[in-house]
Amino acid sequence: MSHIRNIVILTGAGVSAESGIDTFRGGGGLWEQHRVEDVATPEAFARDPELVLRFYDMRRAAIQTKEPNAAHRALARLEREWPKKAPGAQVLIVTQNVDDLHERGGALDVLHMHGEHLNAWCNACDARSRWTGPLLHRPPCPACGKAALRPDIVWFGEIPYRMEDIYQALGAADLFVSIGTSGAVYPAAGFVRTARELGLQTLELNLERSQGSAWFHESRLGPATEIVPAWVD
Ligand code: BJW
């Protein structure tokens, strides 16, 4: 990797699977017979807020019982160590995951493009607040007092966060690495094409080939807790 300076790493549910968090499209991908596409939309929230808030309360409680794994820790190590090996160079971790396992694994700066379970967002005043408890009984927003909080999660049909920062980082990068994501959800699924158009090297680390596999220069297959530390070290 001697010619590599800046690295953009995209992670998905597969990186947290071995911490015990179900992936979206694997065997555990259904919740009470609902597909994620049926509960993770603004329309579902408008139609049946109780169902959607129950789903998120359950997930918010569950992730707080999970621990980061060797893949999260290896990526955190890379983020910290890389600028020392290549002065001025940068590793940006962009995650589609809404858990906080990268941070608890030691990562310093994680871009959560699909939001965060441990944040609530107020539909009335637009404030975001750290939120670890349930939202089902419509607690008041700490900023404005209105009962208009929702999970700070990017639902289907909503625009993911910080897209400009992500494309800017891709524009300055030499290597794009995609870890544990099925390549089924856009715009993240399109990053590899953008990376190829920009002339970056591209590497996929996943349990099995993803929908976008053909776009990568190289795919390494296996469980994240094995192949991510092996790649980093
Ligand atoms: C392992 C492993 C192990 C397992 N080790 N690996 C038709 C065509 C194209 C696009 C669209 C379309 N119709 C609609 C769209 C757009 C839509 C979309 O992409 N839909 C698709 C379903 C087709 N996208 C949107 O609506 C997005 N917004 C948007 O496009 O706005 C327009 C816009 C964008 C940009 C600029 C301007 C305008 C928003 C998408 C929001 C996604 N939100 C969710 C839910 C939130 C989380 C929650 O509710 O808890 O985010 S959906 C869900 O999928 C979640 C994830 O972040 C996301 C991606 O899933 P991920 O991470 O890839 O998980 P899986 O389960 O799919 O895959 C796991 C992988 O890990 C697998 O490959 C396994 O093999 C692997 N694995 N164990 C290593 N141990």
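Helices and strands are named here as DSSP runs, numbered from the N terminus. With that naming in hand, Arg 138 can be placed in the loop between strand 5 and strand 6. The model you are looking at is a predicted one. We will come back to Arg 138 after a walk through the sheet and a helix that packs on it.

Let us begin with the sheet. Strands of a sheet pair through backbone hydrogen bonds, either parallel or antiparallel. In this model six strands form an open sheet, in the order 3-2-1-7-8-9, and the pairing is parallel. At the edges you will find strand 3, residues 110-112, and strand 9, residues 218-221, each of which pairs on one side only. On average, neighbouring strands of this sheet are turned by 20° against each other, if direction is ignored.

Now follow the pairs along that order. Strand 2 and strand 3 run in the parallel sense and are joined over three bridges. If you look for Val 94, its bridge partner in strand 3 is Leu 111. On to the next pair: strand 1 is joined to strand 2 by five bridges, and these two strands run parallel. Here Ile 7 stands opposite Val 91 of strand 2. Towards the other edge, strand 8, which covers residues 201-206, pairs with strand 9 in the parallel sense over four bridges. In that pair, Glu 204 stands opposite Ser 219 in strand 9.

Strand 2 deserves a longer look. How many of its five residues are buried? Five of the five are, and the strand is described as mostly covered. Both of its faces are covered: Val 91, Ile 93 and Thr 95 are buried on one side, while Leu 92 and Val 94 are buried on the other.

Helix 5 packs on this sheet, where it touches strand 1 (residues 7-11) and strand 2 (residues 91-95). The direction of helix 5 makes about 150° with that of strand 2. Between helix 5 and strand 2 there is a loop, and Ala 86 lies in it. Ala 86 has 18 other C-beta atoms within 10 Å, so it is partly exposed. Ala 86 and Val 8 are 78 residues apart along the chain, and their C-alpha atoms are separated by 15 Å.

Helix 5 also has a helix as a partner. Two packed helices are described by the angle between their axes and the distance between the axes. For helix 5 (residues 70-85) and helix 9 (residues 224-232), the angle is about 20° and the axes are 8 Å apart. Angles under 35 degrees count as roughly parallel, and helix 5 and helix 9 are therefore roughly parallel to each other. Helix 5 passes helix 9 in a left-handed crossing. On the side of helix 5, the contact is made by Ala 70, Ala 71, Ala 74, Leu 75, Arg 77 and Leu 78. Helix 9 contributes Ala 224, Thr 225, Val 228, Pro 229 and Val 232. Sorted by character, the residues of this contact are nine nonpolar, one polar and one charged.

Next come the loops, starting with Arg 138. Its phi is near 55°, a positive value in a residue other than glycine. Arg 138 counts as partly exposed because it has 15 C-beta neighbours inside 10 Å. Asp 126, in the loop between strand 4 (residues 115-122) and strand 5, also calls for a look at its backbone. The phi of Asp 126 is near 75°, a positive value in a residue other than glycine. Is Asp 126 buried or exposed? With 11 C-beta neighbours inside 10 Å, Asp 126 counts as exposed.

Cys 141 is placed in the loop between strand 5 (residues 128-130) and strand 6 (residues 149-153). A residue is buried if 20 or more other C-beta atoms lie within 10 Å of its own; Cys 141 has 21, so it is buried. Leaving aside its neighbours within four places in sequence, Cys 141 is in contact with Cys 122, Ala 124, Cys 125, Ala 127, Lys 146, Ala 148 and Leu 149. Cys 141 and Ser 129 are 12 residues apart in sequence and 8.1 Å apart in space, C-alpha to C-alpha.

Our last stop is Pro 187, found in the loop between strand 7 (residues 175-179) and helix 8 (residues 191-197). The peptide bond that leads from Tyr 186 to Pro 187 is cis, with omega near 5°.

Notes: Residues numbered from 1 in each chain as written. Predicted model: local features only at pLDDT ≥ 70, side-chain atom pairs only at ≥ 80, totals over all residues. Axes fitted to C-alpha atoms, helices over the stretch in contact; angles between N-to-C directions. Parallel < 35°, antiparallel > 145°, perpendicular 65-115°, else oblique. Left-handed = near helix turned anticlockwise from the far one by under 90°. Contact = placed C-beta atoms within 7 Å. Nonpolar A, V, L, I, M, F, W, Y, C, P; charged D, E, K, R; others polar. Buried ≥ 20, exposed ≤ 12 C-beta atoms within 10 Å, placed from the backbone. Pairing = 2+ DSSP bridges.
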